[in-house]
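Work through the exercises below with the model open. Try each task before reading its solution.

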Amino acid sequence: MLKPDWLQALPSLALAAAMCIMQAPASAAEPSVNPCPGFLARQEAQAPDSDQEWDLTLSPYAYHWHYNPEHRPVFLGAMDRHVAGERFCGLAVFRNSFGQPSAYLYVGQRWDGFLGQPKLFAKLSAGLIYGYKGKYQDKIPFNDYGVAPAIIPSFGYSFNRHDSAQIMVLGTAGVLFAYGHRF
């Protein structure tokens, strides 16, 4: 029996989340594991607090700027690891707009207090997207063999120290609405 497309992406999401969580320290006495490349952290900047090292981001909905009958619901799960200087690296697994399992491996920067508002923040990530294949390969620029470079700006609102809502701008395609939790 065939599973719906969105169910096929869930094992990948669960595996990525489990791998990131397993790398988190088991206790405060244990040193933190950092999957980010060493050059990413700003040496003169303060490291994130121990309860602010990881972000889990979940998105159940994308809005497309233009209607296309081939569009399918987009589901995304991402795990970021923060390092000194509000920089981060991460992996997002998602079902793209055409129902294909996809992934985004990235590095980025976060700016708190965006526009002088303490609860607003902005993020910018850059990396590689994998998964737009076949007849959908041309839906993202510079896509060779299903892999393409990407830059994704995000804007968010922090409800408290750990929870936020975010909007990710997906170029000319649309926006993704997400919930974020820092731990």
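**Aromatic pairs and strand pairing**

A search of the whole structure, a predicted model, finds 7 aromatic pairs.

**Exercise 1.** Classify the ring pair Y104 and Y106.

*Solution.* Start with the distance: the centres are 4.7 Å apart. Next take the planes, which meet at 25 degrees. Planes under 30 degrees apart count as stacked. The pair is therefore stacked. Both Y104 and Y106 are buried.

**Exercise 2.** Classify the ring pair F114 and F155, then place both residues in the chain.

*Solution.* The ring centres lie 5.7 Å apart. The planes stand at 45 degrees, so this pair is tilted. F114 sits in the loop between β4 and β5, and F155 in strand β6. The pair thus links distant parts of the chain, 41 residues apart. Check accessibility: F114 has 27% relative accessibility, so F114 counts as partly exposed. F155, at 38%, is partly exposed.

**Exercise 3.** Find the cluster that contains F88, and the charge over the F88 ring.

*Solution.* Ring pairs join F88, Y104 and Y106 into a cluster. K123 lies over the face of F88, 5.1 Å from the ring centre.

**Exercise 4.** Trace the pairing from β6 through β7 to β8.

*Solution.* Begin with β6 (residues 147–158) and β7 (residues 163–169): they pair antiparallel over 5 bridges. Y157 stands opposite A165 in β7. A hairpin of 4 residues joins β6 to β7. Move on to β8 (residues 174–182), which pairs with β7 in the antiparallel sense over 7 bridges. Here I167 has F177 as its bridge partner. This hairpin has 4 residues between its strands, and G171 in the turn has a positive phi of about 60 degrees.

Notes. Residues numbered from 1 in each chain as written. Predicted model: local features only at pLDDT ≥ 70, side-chain atom pairs only at ≥ 80, totals over all residues. Heavy atoms only, no water. Pairing = 2+ DSSP bridges. Helix = DSSP H or I, 4+ residues; strand = E, 2+ residues; numbered from the N terminus. Phe/Tyr/Trp six-rings, centres within 6.5 Å; stacked < 30°, edge-to-face > 60°. Buried < 20%, exposed > 50% of the residue type's maximum accessible area, 1.4 Å probe, protein only. Lys NZ or Arg CZ within 6 Å of the ring centre and 35° of its normal.
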